[in-house]
Amino acid sequence: MIVAGIDVGSLTAKCVLFEEKVIAYSIAKVTPDLENTAKAVYSDAVKKAGVSAEYIVATGYGRNKVSFANLKVTEITCHAFGAKSIFPSCRTVIDIGGQDSKVIAVENGVKNFVMNDKCAAGTGRFLEVMASALNVDVSKLGELDEKADKPVNISSTCTVFAESEVVSYIAQGEKVENIVAGLHNAIASRIAAMAKRIDLKPDVVLTGGVAKNKGVKRALEEILQIKILVPEEPQIVGAIGAAIVGKNYASRGRKSERF
Amino acid sequence: MRVGYLCTFTPKELIDAAGFTPVRILADSTPISLASAHIQSYACIQARGSLEKALRKIDVDAVVFTRSCDTLMRLADIWEIATKMKVYSFEFPTKIDSTSKNFLISEIAELAKKLEEWGGKITFDSLKESIELYKLLEVELAKIFDEKPDYELLFKVQQMKVKDALNELKSREQKKSKGGPKILVTGSVCPFLDVMKLFEDVGFSVKDDLCTGTRFFTFKYPEMELRSVEDCFRYLAEKYVSKAECPTKHYEKDRRFERVLELAKDCDGVVFLLLKFCDPHFFDYPQLKQKLEEIGKKVLLLELEFPVIEQLRTRIEAFYEVIMC
Amino acid sequence: MLKKMKSNEKMKQLMTNYYMMGFASEHVSWITSGAPVEILYAMDIYPFYPENHSALFGAAKQGTYYAEVAEKLGFSRDLCSYARCDIGCVVSSVNVPNPTFLFACNNICNTVVKWYEVLSRIYKVPLFFLDTPFVRKELKENYIRYVHDQLVEFIDFAEKITGKELSDLKLRKTLQLALKGVKAYKDALLMGRNKPSPLTAFDAFINMAPIVCLRGTEYPINFYEEMKLELEDRVKKGIAAVDDEKIRLLWDNIPIWYRLKWLGEFFASRNTCIVADTYTNAWSWMIVKDKSNVLESLAETYIFIYLNVGIEHMAKAINDLVNIYDVDGVVIHSNRSCKPYSFGQYEIQKMIEVPSVVIEADMVDERVFSEAQIVTRLEAFLEMLK
């Protein structure tokens with residue numbers, strides 16, 4: 001059976017067509033019309049694969065807006081299943097999403113999870129705001145991090161306050177590279193605190209779009225003192241997980257729209 | 001043994017007399033990471049920052065939590081569980097009157113018992129000596145601050161035995177005030193020395209009503225002869241209920257407001273320097289501000305989490321211009 | 001989808017009458033929810049509860065509006081939203097019974113002390129503050145003595161202001177009524193033990209006002225006895241509060257008043273029943289022991305109430321509820337307005353015997369509620385429990 005997993009996040013939408021493995025996938029920027037965004041990203045994946053799906057699962061913060069999905073599941077469950085399918089040794093998933101970041105303990109499914117509190121500066125959105133304050137492209141943050149020699153201290157937990165810290169570092173003439181590394185350290189320390197609330201066990205897999213940023217991986221490895229695995233395409237892990245959850249669910253003959 | 005405390009209503013004399021070193025715990029600029037696994041981000045930076053320090057590295061073996069605000073009340077448990085240190089909750093009354101003074105005497109006796117349980121030894125002689133030395137220290141600090149506040153010194157002496165603190169005072173040179181318009185800086189705890197320095201940099205001469213400033217050493221001393229440990233307990237109760245009024249306490253006749261209004265009289269402006277999420281101070285702020293404005297004072301509110309110095313400088317400079325122009 | 005209880009209507013009637021009573025009373029005391037109201041009823045002084053009033057405005061989704069009124073006066077957005085809403089109402093001349101005096105007890109938080117100081121300056125009426133030491137570990141004798149002595153002073157204070165005298169007999173009678181009321185209330189809540197449960201915590205939230213505001217009168221006794229009958233009837237007829245109940249949960253902290261219905265529907269549509277909560281159960285602790293010294297018993301009861309105790313006591317209370325109501329998990333509301341209720345929740349999570357999830361919101365301030373974030377956390381939690 002071919003299953004589609006559609007992950008509608010706050011910044012990007014991802015769609016994966018899946019049978020025994022990924023057949024095709026597509027990524028698109030989210031527009032205010034979430035239903036249409038989901039449709040577009042799905043059609044694009046179908047076009048690439050040349051087949052359409054028999055069963056569709058939606059996840060991500062926009063999941064409930066995808067009316068054509070057969071099943072809706074949260075990204076927590078999906079990231080757990082997705083990461084486990086890529087790395088069977090995975091016991092912990094760290095997903096840094098646009099709105100939310102989470103640390104998930106994985107067993108057969110989700111064993112426990114913790115998410116950021118409201119004003120925590122540990123999300124993809126946070127990096128976007130900071131990148132724009134620094135006038136650099138988000139995708140360049142990883143490279144800049146590598147060139148840092150003395151990361152600055154970002155102490156505020158709130159995005160607004162942290163932004164003004166960044167601005168004042170710029171005013172003092174601090175190197176952009178060091179500010180970027182400081183921001184990555186700030187994110188990592190927030191995640192580390194969340195990880196402390198559950199039992200963090202190796203192997204740890206980092207998922208979500210932010211995982212592409214090598215600086216975040218570097219900072220997390222330093223603060224957690226643990227090696228972190230990153231899938232080749234970390235952004236689509238949630239969508240893969242959604243497809244796998246859907247496969248299991250449909251094969252059990254369940255009908256409900258919720259997991 | 002080093003015994004920490006956060007609230008300045010903690011009778012340091014008892015800790016000192018027991019043979020321990022009373023150590024004031026203050027947050028610093030360490031970013032919050034470990035602490036956020038234990039307490040939410042809507043706790044003030046003094047609570048979160050102190051816990052962060054304790055979870056990283058702190059030279060303290062036990063902590064006395066003195067009842068003051070809701071956050072510190074809960075922090076005692078969190079601290080005990082998260083750091084595995086010895087923790088004791090000292091129930092200073094929230095209400096200040098003659099009935100609560102009697103209760104305070106019994107709580108002081110309970111604290112003394114606890115300190116002995118921790119291996120300390122409180123005798124009449126040791127307690128009487130600590131009481132006398134602290135009075136000397138406080139009177140000296142008051143003189144220094146009258147001339148020109150020295151927060152660096154104040155922070156330093158809060159980390160040592162009272163005897164050493166008195167020596168520290170002897171070896172220092174009195175700094176002279178540079179003058180300038182006088183402001184009253186009122187508020188809770190400000191653990192950031194570089195913020196305190198800003199007011200002077202901008203050209204103000206500073207008088208304060210802060211827990212990390214004059215409220216630490218402002219008391220009225222009871223006139224009584226000390227003949228026994230019980231006398232000393234009573235003395236301490238009298239002394240601490242006369243401590244500079246704090247918004248975490250309830251006084252008859254709004255004594256807290258009266259204190260600030262009185263202090264503000266000879267000042268050109270008043271700065272509220274408050275930590276974000278500090279409920280007791282923020283409840284007072286609107287009505288107190290109104291009363292200050294009624295007597296013609298200019299008022300500025302500075303809300304701190306981790307301070308961004310340049311941003312604060314701009315505000316303080318603008319306030320200076322408001323007062324001067 | 002939600003099955004409304006008949007009691008809701010009776011409660012509305014009862015509370016309307018209660019509010020009307022306030023305007024007809026000669027002496028009115030504003031009082032905090034954890035204070036010994038029995039003394040007031042024994043002296044025929046009408047108790048007005050600002051907390052209840054703010055909760056009511058919160059449920060009517062007007063809380064944020066009045067909170068903003070207070071914010072315009074300079075009260076910080078980070079302060080308790082019950083307090084902000086109340087201060088906003090007072091300065092907007094919302095019709096409330098004017099206080100003869102104020103009566104605050106810090107056994108629920110120190111915030112009420114500051115809040116009532118603000119009120120005392122606005123109304124220019126005296127404030128009596130009852131100071132209850134915090135029981136982190138054990139309840140000490142000197143605590144009881146201290147609170148006892150203040151109760152004596154309070155009676156003297158109230159007598160002087162109102163010119164009335166408190167009769168010992170009437171106080172004992174009032175305490176008897178309070179005891180009966182609390183028992184009837186507790187029995188009604190305990191109906192949640194049934195599987196499936198005939199009530200949800202949301203029904204309990206809606207119907208908690210009488211035990212808070214009218215404790216010490218006949219009204220709550222009759223009201224909760226009837227409520228229990230209605231629930232027994234549901235059980236007999238096989239009516240469950242939530243169709244096809246599959247998951248049973250416990251709620252921790254003050255409800256999110258402006259989202260009661262939304263949350264009720266959210267859980268019901270997922271075959272999940274919140275069968276009990278720590279907030280409404282806090283009043284079932286208020287059982288005054290029958291000792292020869294009435295004021296000492298009152299003192300002991302009001303020192304040792306749910307929020308005035310340490311984390312170990314709280315975790316034990318939660319574990320008791322977990323067992324009594326046989327729940328699968330706990331939904332923990334991290335409430336920005338209520339520090340004493342919320343700080344320590346991360347430690348409590350590790351001490352309770354079933355899985356739990358934390359959602360961050362506020363009891364009255366709607367601006368703090370992020371629907372997408374909360375839906376994700378709750379749905380993920382339910383997926384995990386399955």
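**Strand pairing, helix packing and contacts**

User: What stands opposite Leu250(C) in E6(C)?

Analyst: In E6(C), the residue opposite Leu250(C) is Ala276(C). The model is a predicted one.

User: What makes strand E5 (residues 247–252) of chain C and E6(C) a pair?

Analyst: Pairing requires at least two bridges between the strands. E5(C) and E6(C) share 5 bridges in the parallel sense, so they satisfy that criterion.

User: Why are strand E6 (272–277) and strand E8 (356–361) of chain C called edge strands?

Analyst: The open sheet of chain C has 4 strands, ordered E6-E5-E7-E8, with parallel pairing. E6(C) and E8(C) each pair on one side only, and they are therefore its edges. From one strand to the next, the twist averages 30 degrees.

User: How is helix H18 (residues 371–385) of chain C oriented to E8(C), and what term applies to that angle?

Analyst: H18(C) lies across E5, E6, strand E7 (329–335) and E8 of chain C, and runs at about 170 degrees to E8(C). An angle over 145 counts as roughly antiparallel, so the term for H18(C) and E8(C) is roughly antiparallel.

User: Why are H8(C) and H11(C) called roughly parallel to each other?

Analyst: Two packed helices are described by the angle between their axes and the distance between the axes. Helix H8 (residues 168–190) and helix H11 (residues 219–237) of chain C pack at about 15 degrees, with axes 8 Å apart. Angles under 35 degrees count as roughly parallel, so H8(C) and H11(C) are roughly parallel to each other. Their crossing is left-handed.

User: Which residues of H8(C) and H11(C) meet, and what makes one of them polar by class?

Analyst: From H8(C), Leu177(C), Lys180(C), Gly181(C), Ala184(C), Tyr185(C), Asp187(C) and Ala188(C) take part. They meet Pro220(C), Ile221(C), Tyr224(C), Glu225(C), Met227(C), Lys228(C) and Leu231(C) of H11(C). By class, this contact has 9 nonpolar, 1 polar and 4 charged residues. Gly counts as polar, so Gly181(C) is the polar residue here.

User: What makes a residue of chain A count as being in contact with chain C, and how many do so?

Analyst: The C-beta atoms, placed from the backbone, must lie within 7 Å. By that cut-off, 16 residues of chain A are in contact with 14 residues of chain C. H2 and strand E8 (109–115) of chain A each supply at least two residues of this side of chain A, and E8(A) gives the most, with 4 residues. The side of chain A that touches chain C has 7 nonpolar, 4 polar and 5 charged residues.

User: How is chain A divided into domains, and which element gives the most to the side of domain 1 that touches domain 2?

Analyst: Chain A is divided into domain 1 (1–87 + 233–259) and domain 2 (89–230). The centres of these domains of chain A, taken over C-alpha atoms, are separated by 25 Å. Their contact takes 17 residues from domain 1 and 24 residues from domain 2 of chain A. On the domain 1 side, helix H2 (residues 75–86) of chain A gives the most, with 8 residues.

User: Where do the bounds of the domains of chain B lie, and how many residues does each domain give to the contact?

Analyst: Chain B is divided into domain 1 (2–122) and domain 2 (180–212 + 245–325). The contact takes 18 residues from domain 1 and 16 residues from domain 2 of chain B.

Conventions: Residues numbered from 1 in each chain as written. Chains lettered and ligands numbered in written order. Predicted model: local features only at pLDDT ≥ 70, side-chain atom pairs only at ≥ 80, totals over all residues. Axes fitted to C-alpha atoms, helices over the stretch in contact; angles between N-to-C directions. Parallel < 35°, antiparallel > 145°, perpendicular 65-115°, else oblique. Left-handed = near helix turned anticlockwise from the far one by under 90°. Contact = placed C-beta atoms within 7 Å. Domains from an automatic or database assignment.
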